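Open the model in your viewer and keep the selection box ready. The stops below go one selection at a time.

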Amino acid sequence: MGAAMRRIHVGNALSAFGLGFTVPFLYVYVAQVRELGATTAGLVLAVFAVAALVVLPFTGRAVDRRGPLPVLMAALVTASVGAMSLGLSTSPQLVIASAALLGAGQAVMQPALATMIVECSTAETRTRAFATQFFLQNLGLGVGGLIGGQIVKHERPSDFTLLFAIEASMFLLLVVVMATVKLPRQPRIADALPQAKGGMRQLFRHRAMVQLCALGFVMFFACYGQFESGLSAYGVEAAGISPATLGYALAANTGAIVVAQFVVLKFVERRKRSKVIASVGLIWVVAWIFAGYAGLGHGSQAMATAAFISTYALFGLGEAMLSPTVAPLVADLAPDGMVGQYNSAFALVKQLALAVGPAIGGPMGAQLHAPYILTFIVFSLGITLLAVKLGKQLTPQQNNPWAFRQAAAKARAEDEVPVARAEEVVAA
């Protein structure tokens, strides 16, 4: 791992650590601590998604034209201003405006950092690089959330202001760290690469990327889009799960990712990416069956609680398998000069799923318990089917880069054997 990649991973950990201080407490802060009500708190959460949807369509082109580092710097400063402003705001208007700044900055960070990882890695190291990124993100979020929870025990406004100040300082510290990163020279759109001339029109004509985006939407909708909305509502209403147990379930999800990430990495990186994604769909089918038992199985409360926590842990196992699979695949599908646009397009799909998921899953999880479980079992099976279909669009190098490299190395070795023998004859 080079110096640039180490700094990028430190940056990922710092940004996640800062976010962990505030993300779990946003609703409580706006609705109760600032006494602005549930409606304003809901608007703040919606503004995060809307801000991301506004800025992401322009992010990819800026990354490819200017490079990911300047774009990341601008995003970090914007997010820092938004975080500090949110911690000091006392009116609905200021809270919503601050949330828009913070949400826009956070959204731009994702594709910028992903593009930096692509530029500082090779085909051989990219899978492990993205796995490390995901591991550090979850570790940072978990540790930040734990420390933040201790700071705001008394729910005083000054305590929450301190949380947002810490988050803002983490973003500024990341600016300092990123200023020391020296990226390899990569061609930009300004260099007139013919592959990049089509822009987003070229992306929409790229069948494999379009299918991957459709698959990504279903994955994010059926998993991340349900964590803090439909699944938590279902757990409380159908399974009788206490709010404190929801915290344990989320900790089980993060713990599963941290424990499993590098355990599954060697297994994942040697297999076809389409098959790995398909297997995640099946794992999540089992997760939703566990959730169904928790709320509909009429077992003891202890069994229901164990099944519900297991649901989150199984989701974490699937996420650990996806992190070294999907992000490198997006990079491998991107033509020269369009990595930023491909990363931004996939990030946009994720944000759409995260916006739609709670809107649909929340009411269903709270009221339509059996249809909710059946619906997301079907969506999880859909992940498997879409992954198998995607595999037919991928080249051997895109679908199984490890096997492709092994075959190429074997072919080179076989070609070199006659040459070596000929040289021995000449020397004799």
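Buried means under 20% relative accessible area, exposed means over 50%, and partly exposed lies in between (1.4 Å probe, protein chains only). This is a predicted model, where local features need pLDDT of at least 70, side-chain atom pairs count only at pLDDT 80 or more, and totals for chains, interfaces and linings use all residues. Residues are numbered from 1 along each chain as its sequence is written, and side-chain values use heavy atoms, with hydrogens and water left out.

**Stop 1: the salt bridges**

Select Arg273. It is buried, with a relative accessible area of 5%. Now add Asp332. The two side chains form a salt bridge, 2.8 Å from N to O. (A salt bridge is a side-chain nitrogen of Lys or Arg within 4 Å of a carboxyl oxygen of Asp or Glu.) Arg273 sits in helix H13 and Asp332 in helix H15, so the pair ties together parts 59 residues apart in sequence. Helices (H or I, at least four residues) are DSSP runs, numbered from the N terminus.

Which other side chain meets Asp332 in a salt bridge? Select Arg126: its contact with Asp332 is 3.1 Å, N to O. This pair links distant parts of the chain, with Arg126 in helix H6 (residues 126-151), Asp332 in helix H15 (residues 326-333), and their positions 206 residues apart. Arg126 counts as buried because its relative accessibility is 11%. Asp332 is partly exposed at 27%. Shared partners join Arg126, Arg273 and Asp332 into one network.

Next, pick Arg156 and Asp159. Their side chains also meet in a salt bridge, 3.0 Å from N to O. Is Asp159 buried or exposed? Asp159 is buried, at 9% relative accessible area. Arg156 is partly exposed, at 43%. The structure holds 4 salt bridges.

**Stop 2: along H13**

Select residues 273-296, helix H13. Its 24 residues should span 34 Å at 1.5 Å a residue, and the end C-alpha atoms are 34 Å apart, which agrees. The expected span is 1.5 Å times one less than the number of residues. After H13 comes His298, with a positive phi near 60°.

Most residues other than glycine have a negative phi. Jump to Glu35 for another positive phi, about 55°, in a residue that is not a glycine. Glu35 lies in the loop between helix H2 (26-33) and H3. At 67% relative accessibility, Glu35 counts as exposed.

**Stop 3: surface patches**

Switch to a surface view. Select Arg61, Arg65, Arg66, Arg201 and Arg205, which form a positive surface patch. Helix H3 (37-66) and helix H8 (199-205) each give two or more residues to the positive patch. H3 supplies the largest share, 3 residues. One residue to click in H3 is Arg66. Arg66 is exposed, at 66% relative accessibility.

Patches take residues with over 30% relative accessible area and no salt bridge; like charges are joined within 9 Å, and nonpolar side chains (Val, Leu, Ile, Met, Phe, Trp, Tyr) within 5 Å.

Now select Val77, Val81 and Leu101. They make a nonpolar surface patch of about 230 Å². Leu101 belongs to helix H5 (residues 92-119). Leu101 is partly exposed, at 36%.

**Stop 4: a distance to draw**

Finish with Val356, in helix H16 (residues 339-367). Val356 is partly exposed, at 30% relative accessible area. Draw a line to Phe290: the two are 66 residues apart in sequence and 24 Å apart in space, C-alpha to C-alpha.

Terms used
Accessible areas come from the Shrake-Rupley method with a 1.4 Å probe; for residues, only the protein chains shown count as cover. Lys and Arg count as positive and Asp and Glu as negative; His and the chain ends are not counted. The place of a charge is taken as NZ of Lys, CZ of Arg, CG of Asp or CD of Glu.
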